[in-house]
Amino acid sequence: VAERSSALHRFFIADDVIDRGVASLVGDRAHQVARVLRLRAGEQVILVDAGGLEHVVELSEVSARLVTGNVQSTRPSIAEPRLAITLYQGLVAREKLEWVIQKGTEVGIARIVPVRCARSNVARGESVDDRRLERWRRIATEAAEQSGRGRVPEIRPVVALADVLADAAATGPTLLAWEGERARSVRDALRLIQTTPCVAPTLALFIGPEGGFAPEEITLAATLGALTVSLGPRILRTETAGPVLAALALYELGDMAPGRMSDVGAEG
Ligand code: SAM
């Protein structure tokens, strides 16, 4: 009987790793399985493909060069939220953004877009080259594997707020966290939004930089139909606010509930 799936090591794989029920891992993955995790033939791992399908694989050959195994069972990843959240994170210092990526992935965010706002401290975190993006994507992958996600959140390059706010608000429900909001809570906003249930719900969340949104950005957001929401009477650091807002939204929509967990552990 497969070990409880939450206890098995999980790896995201390219689509060519599994061929007719046989999985083959080479390169870094093979080395990680054989030398770092020291897994042995007969043990099981979970391989998650790009479509979010989880394959329980029993290892048959394990070496640092090549690891093979046979697919025992396949199922959609149950730990993946139905709600696809895009977090538009006001630009912060790099190490803080890495924290947002890791925690946002654990909570269940689908996409993270660093956003340059009027009060962003442009000097920090701005020069994002491919190497930096690659590091962010690696952090997202590791956090997705650790938290049992069915997909790795997408990390987008830095954009300007003016370039994304209108499109986000026109495309779907959009919340903007503003400590100046005195009336609307996250629950109020989601109740307003939840009028039309749809198959693949999306939600855009905007978090300001350390200096907060400028007044003209708040006005623009409201004009474009984004809903400003309060996160309560305490001022959260920008890197705290994003994961908290995402968790509040997922909780309100029933995704962070025990019933979801029992699915994940159902293997055992
Ligand atoms: N004006 C803030 C201050 O006095 O320190 C600076 C902005 S706050 C550190 C960073 C961002 O987190 C804000 O732009 C907002 O998006 C979000 N935020 C923090 N606390 C919040 C709250 N209580 N309600 C709504 N948004 C909040």
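Q: In this predicted model, how many bridges must DSSP find between two strands for them to pair?
A: Strands of a sheet pair through backbone hydrogen bonds, either parallel or antiparallel. For two strands to count as a pair, the number of bridges that DSSP finds between them must be at least two.

Q: What is the order of the strands in the open sheet?
A: The sheet is open and holds 6 strands, and its pairing is mixed. Read across the sheet, the order is β1-β4-β5-β6-β3-β2.

Q: Which are the edge strands of this sheet?
A: An edge strand here pairs on one side only. Within the order β1-β4-β5-β6-β3-β2, that description fits β1 (9–12) and β2 (18–19).

Q: Which residue of β3 is the bridge partner of Asp19?
A: Strand β2 and strand β3 (residues 22–26) are paired over 2 bridges, in the antiparallel sense. In β3, the partner of Asp19 is Val22.

Q: At about what angle to β3 does helix α1 run?
A: Helix α1 (residues 27–36) lies across β1, β3, β5 (53–62) and β6 (66–76). Relative to β3, helix α1 runs at about 95°.

Q: Is α2 roughly parallel or roughly antiparallel to α7?
A: Two packed helices are described by the angle between their axes and the distance between the axes. For α2 and α7, the axes come within 8 Å and cross at roughly 10°. Angles under 35 degrees count as roughly parallel. Helix α2 is therefore, with respect to α7, roughly parallel.

Q: How many nonpolar residues are in the contact of α2 with α7?
A: From α2, the residues Lys96, Trp99, Val100, Lys103, Gly104 and Val107 take part, and they meet Glu239, Pro243, Ala246, Ala247 and Leu250 in α7. Of these residues, 1 is polar and 3 are charged, while the number of nonpolar ones is 7.

Q: Is the crossing of α2 and α3 left-handed or right-handed?
A: The axes of α2 and helix α3 (residues 130–147) come within 8 Å and cross at roughly 30°. The two helices are therefore roughly parallel to each other. Their crossing is right-handed.

Q: How many charged residues are in the contact of α2 with α3?
A: Helix α2 contributes residues including Arg94, Glu98 and Glu106, and helix α3 contributes residues including Arg132 and Arg135. The contact of α2 with α3 has 7 nonpolar and 4 polar residues, and the charged residues number 5.

Q: What term describes how α5 lies with respect to α7?
A: Helix α5 (residues 186–193) and helix α7 (residues 238–252) pack with their axes 10 Å apart, at an angle of about 50°. That angle makes α5, with respect to α7, oblique.

Q: How many charged residues are in the contact of α5 with α7?
A: The contact is made by Val186, Arg187 and Leu190 of α5 together with Leu245, Leu248, Ala249 and Glu252 of α7. By class there are 5 nonpolar and no polar residues, and the charged residues number 2.

Q: How many residues apart in sequence are the parts tied together by Glu210 and Lys96?
A: The structure holds 13 salt bridges. One of them joins Glu210 and Lys96, whose closest N and O atoms are 2.8 Å apart. Glu210 lies in the loop between β12 (202–207) and α6 (215–223), whereas Lys96 belongs to helix α2 (residues 94–107), so the separation in sequence of the parts tied together is 114 residues.

Technical notes: Residues are numbered from 1 along each chain as its sequence is written. This is a predicted model: local features need pLDDT of at least 70, side-chain atom pairs count only at pLDDT 80 or more; totals for chains, interfaces and linings use all residues. Side-chain values use heavy atoms; hydrogens and water are left out. Axes are lines fitted to C-alpha atoms, for helices over the stretch in contact, and angles run from 0 to 180 degrees between N-to-C directions. Helices (H or I, at least four residues) and strands (E, at least two) are DSSP runs, numbered from the N terminus. Angles under 35 degrees count as roughly parallel, over 145 as roughly antiparallel, 65 to 115 as roughly perpendicular and the rest as oblique. Contact means heavy atoms within 4.5 Å. Ala, Val, Leu, Ile, Met, Phe, Trp, Tyr, Cys and Pro count as nonpolar, Asp, Glu, Lys and Arg as charged, and the others, Gly among them, as polar. A salt bridge is a side-chain nitrogen of Lys or Arg within 4 Å of a carboxyl oxygen of Asp or Glu. A crossing is left-handed if the near helix is turned anticlockwise from the far one by less than a right angle, and right-handed if clockwise.
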